[in-house]
Amino acid sequence: MQLKRVVVTGLGALTPIGNNVSEYWENLTNGVSGAAPITRFDASKFKTQFACEVKDFNPNDHMDRKDARKQDPYTQYAMVATAEAIEDSKIDLDAIDPDRAGVIWGSGIGGIKTFYDEVSAFATSEGTPRFNPFFIPKMIADIAAGMISIKYDLRGPNFTTVSACASSSNALLDSFNYIRLGKADIIVTGGSEASVNQAGVGGFNALKALSTRNDDPSTASRPFDKDRDGFVLGEGAGTLILEEYEHAIERGAKIYAEVMGGGLSADAHHITAPHPEGRGAIRVMLNALEDADMKPEDIDYINVHGTSTPLGDVAESKAIKTVFGEHAYNLNISSTKSMTGHLLGAAGAVEAIASILAIQKGIIPPTINNKNFDEEIDAKLNFTLNKAQKREVKAIMSNTFGFGGHNACIILKAYEA
């Protein structure tokens, strides 16, 4: 069968360095760190006392107070980013076929704050157990997709992908496949996460996954630096409107980029650590290139997973050299997690947005906080260190890897009629 072309026609973002797409992009290109001491709770007893929180956010500014109380922050973030993306796309919701418009969302954890709050209240209460009647629908990881579909009357495919830090990349790829197979015209996709709370910080601390650079949070996320000591927990949401090409053209949509293909793989190695030689990362990038019918030489920029962990950064850099060979030295590579922190299940979506804007603007966002480059990593690779670089970008690759060995890779390119 003839596969359909799939394009991106709307963007929305709520991040630790900007509460909309324009703020997010401005701070990305200026190398602004979103890391700061935690304000959500008293973190003084935790090993890590900082995070990349969403700032100056009040859900009541965006939705009815009663609706806000029925939603965990991860769903609130999803609703806000999606509202921006829908508006940006200029879709006339009354003019589309709602049965061919869907929502495929990603979240690695879902409503962890709701779960923590409710169980904590139960554990300290006496007498008859009392739970919020919205406990379950606030907590479950699929509810953001459901809430988006309800608000906008989107009756097509509707579900949530859960693959840890690859979740929203999986959601993007599933959306891409549904559209190119002709099963939908429009899909609202992306991901959200809100894990900056006692359970999230405590749990990742127990894994020894987080940086503990409490004396200097803004420089704690330092991918490819030899002094990196773990990732910085982030939160937020990113939404992309994916649309079938002819459908977008017919309604005169603005087209940001075209989705060319994607890959999936598993490390099959360890529950949290990557394969030391990047076995799964190599396979997922090769799968993406094959699916997109592109060669390594066609890629200009890789937005890497680049979490600032001792093992992960080395493995990914090795994988890039294996896949791209000599062309690896012609690439721009950067980790925007150095600024946003790690948004877990939302990472793929917000990083895809950064990658699309790199195509649009001809600017590669930097990898900040690199002071002492890790000698285990090839310093001849261009990691776009500390300062944005101008470059014509025709095609990008975006990598996301999750606990459990889940790998997802997306390829997008500049739109051509």
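**Cavity, pockets and four loop residues**

Modeller: Let me start inside the protein: the largest cavity holds about 60 Å³ of space. Please keep in mind that this is a predicted model.

Colleague: Happy to. What makes this space a cavity and not a pocket?

Modeller: A 1.4 Å probe fits in a cavity but cannot get out, whereas a pocket is an open set of points. The search covered the whole structure and found 1 cavity of 30 Å³ or more.

Colleague: Which residues line the largest cavity?

Modeller: The lining consists of Val8, Leu172, Phe176, Leu240, Leu242, Val259, Ala352, Ile356, Ile410 and Leu412. At least two of the lining residues come from each of α7 (167-180), β7 (236-244), α13 (347-361) and β14 (406-413).

Colleague: How would you describe the lining of the largest cavity by class?

Modeller: It has 10 nonpolar residues, with no polar and no charged ones. Val, Leu, Phe, Ala and Ile are among the types that count as nonpolar, so each name in that lining falls in this class.

Colleague: Let's step back to the whole fold. How many helices and strands are there?

Modeller: The protein has 13 helices and 14 strands.

Colleague: And why is the protein called as compact as a globular protein of that length?

Modeller: Its radius of gyration is 20 Å, and the globule rule gives 22 Å for 417 residues; the two values are close, so the description applies. The C-alpha trace spans about 70 × 55 × 40 Å along its principal axes. Of the 417 residues, 60% count as buried.

Colleague: What share of the contacts joins residues at least 24 apart in sequence?

Modeller: That share is 79%, taken among contacts between residues at least 6 apart in sequence. As for the outside, the accessible surface comes to about 16,800 Å², and carbon and sulfur atoms account for 50% of that.

Colleague: Now the open spaces. How much space lies in the largest pocket, and which residues lie nearest its centre?

Modeller: About 560 Å³ lies in the largest pocket. Its lining has 33 residues, with Thr272, Ala273, Pro274, Thr309 and Phe403 nearest the centre. Two or more lining residues come from each of α10 (279-292), α11 (310-324) and β13 (395-402). The largest share, 6 residues, is from α11. By class, 13 lining residues are nonpolar, 15 are polar and 5 are charged.

Colleague: What lines the second largest pocket?

Modeller: This pocket, with about 220 Å³ of space, is lined by Pro59, Asn60, Arg65, Lys66, Ala68, Arg69, Lys70, Gln71, Gln76, Asn132, Phe134 and Lys138. Helix α2 (residues 65-69) contributes the most, with 4 residues. The lining has 3 nonpolar, 4 polar and 5 charged residues. Arg and Lys count as charged, so Arg65, Lys66, Arg69, Lys70 and Lys138 belong to that class.

Colleague: On to single residues. How do you know whether glycine 34 is buried or exposed?

Modeller: Its relative accessible area is 1%, and buried means under 20%, so glycine 34 is buried. Glycine 34 sits in the loop between α1 (21-29) and β2 (36-37). Leaving aside residues up to four places away in sequence, it touches Pro16, Ile17, Ala51, Cys52, Glu53, Lys55 and Met339. Serine 218 is 184 residues from glycine 34 in sequence, yet their C-alpha atoms are 6.9 Å apart.

Colleague: Is asparagine 30 buried or exposed, and how do you know?

Modeller: Exposed means over 50%, and asparagine 30 has 52%, so it is exposed. Asparagine 30 also lies in the loop between α1 and β2. Its C-alpha atom is 7.5 Å from that of lysine 387, which is 357 residues away along the chain.

Colleague: What makes the phi of lysine 90 worth a remark?

Modeller: Most residues other than glycine have a negative phi. Lysine 90 is not a glycine, yet its phi is positive, about 55 degrees. Lysine 90 is in the loop between α3 (73-89) and β4 (101-106). At 66% relative accessibility it is over the 50% cut-off, so it counts as exposed.

Colleague: And what about the phi of leucine 344?

Modeller: Leucine 344 is not a glycine either, and its phi is also positive, about 55 degrees. Leucine 344 lies in the loop between α12 (337-340) and α13. With a relative accessible area of 2%, under the 20% limit, leucine 344 is therefore called buried.

Key:
Residues numbered from 1 in each chain as written. Predicted model: local features only at pLDDT ≥ 70, side-chain atom pairs only at ≥ 80, totals over all residues. Heavy atoms only, no water. 1 Å grid on protein atoms, 1.4 Å probe; cavity = no way out; pocket = protein on both sides within 12 Å on 5 of 7 lines; lining within 4 Å. Points joined across faces, edges and corners; volume = space filled by probe spheres on them. Rg over C-alpha atoms; globule rule 2.2 N^0.38 Å. Buried < 20%, exposed > 50% of the residue type's maximum accessible area, 1.4 Å probe, protein only. Contact = heavy atoms within 4.5 Å. Areas by Shrake-Rupley, 256 points an atom, 1.4 Å probe, with all protein chains shown as cover.
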